[in-house]
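Biologist: I should like to go through this protein chain step by step. Could you please show the sequence and the structure before we begin?

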Amino acid sequence: MFDELYVNIKKPFDISVDLKLGRQSLFYGTGKIIAEGTPADGSRTTYSNAVTANISPSKNHTIDLFYFNNPTTDALAINSDNRNLVEWNESGAGVHGAYSDKKDNFFNYYYIYKDEHRSATNDNNISLQYFGQF
C-alpha cells in the first residue's frame, strides 16, 4: 500500500502555481474539517486521491485549491486484506486560504463541497458544503 505517491510540479510554464497530482495527505488548519481521506482503515493510511494547486498571491498569503476522489476500496493495495477505506465512495473540491503578517495575526478560511455516493441510485446520496474560518 502506498500512503503517498504523487507528482509535484513546481511553477509549470513559469506560472506561480505549484501542482500536486496523486495520492497525498490533505490536512488543513487543525484537521477538524479535513484531515484523513481513509478513516475506515484505522491508522493504516491517511491519503486522498487528489489534485491540489497552491497559489501564493503574496508572501503572507497562500491559497490551496483541491479536488479529491476516494473510493471505498483500494484497487492498488498490495495485499489481500479486503478493508474499506471510507464508508462510501466520496468526492469533492474546495479552497483553503491562510494569511499571516509580521504581527503574528493569522487567519485561515475554507470552503469544501463533498458528494457522498451512498448507493447506486440517487436515493441515498448526499452533498455537503462546509465553509468558515479558524
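**Strands, core and pocket**

Modeller: The protein chain contains 0 helices and 7 strands. The model is a predicted one.

Biologist: Which pattern does the protein chain follow along the sequence?

Modeller: The elements to be arranged are 7 strands, with 0 helices. Read along the sequence, they give the pattern β-β-β-β-β-β-β.

Biologist: What percentage of the residues in the protein chain is buried?

Modeller: A residue counts as buried when its relative accessible area is under 20%. The protein chain has 134 residues, and the buried share of them is 31%.

Biologist: Is asparagine 70 buried or exposed?

Modeller: Asparagine 70 lies in strand β4, which covers residues 61–70. Its relative accessible area is 3%. Because buried means under 20%, asparagine 70 with its 3% is classed as buried.

Biologist: Which residue offers its backbone nitrogen to the side chain of asparagine 70 at 3.0 Å?

Modeller: Apart from residues up to four places away in sequence, asparagine 70 touches several residues, among them Tyr47, Ser48 and Asn49. With the side chain of serine 48, the side chain of asparagine 70 makes a polar contact at 3.4 Å. The backbone nitrogen that the side chain of asparagine 70 reaches at 3.0 Å belongs to asparagine 49.

Biologist: Which strands each supply at least two residues of the largest nonpolar core?

Modeller: In soluble globular proteins, nonpolar side chains tend to be buried together. Here the largest nonpolar core consists of 8 residues: Leu26, Tyr28, Ile34, Ala50, Phe66, Phe68, Tyr110 and Ile112. The strands that each supply at least two residues of this core are β4 and β6 (106–117).

Biologist: Which residues does leucine 26 contact, leaving aside its neighbours within four places in sequence?

Modeller: Leucine 26 is one of the residues of the largest nonpolar core. A contact requires heavy atoms within 4.5 Å. With those neighbours left aside, the partners of leucine 26 are Ile34, Ala35, Ser48, Ala50, Thr52, Phe66 and Phe68.

Biologist: Which strand gives the most to the lining of the largest pocket?

Modeller: The largest pocket has a volume of about 330 Å³. Of its 18 lining residues, the closest to the centre are Ile33, Glu36, Glu90, Lys114 and Glu116. Both β4 and β6 supply at least two residues of the lining. The strand that gives the most, with 3 residues, is β6.

Methods. Residues numbered from 1 in each chain as written. Predicted model: local features only at pLDDT ≥ 70, side-chain atom pairs only at ≥ 80, totals over all residues. Heavy atoms only, no water. Helix = DSSP H or I, 4+ residues; strand = E, 2+ residues; numbered from the N terminus. Buried < 20%, exposed > 50% of the residue type's maximum accessible area, 1.4 Å probe, protein only. Polar contact = N/O pair within 3.5 Å; in protein donor to acceptor, adjacent residues only side chain to side chain. Core = buried A, V, L, I, M, F, W, Y, C linked by side-chain atoms within 4.5 Å. 1 Å grid on protein atoms, 1.4 Å probe; cavity = no way out; pocket = protein on both sides within 12 Å on 5 of 7 lines; lining within 4 Å. Points joined across faces, edges and corners; volume = space filled by probe spheres on them.
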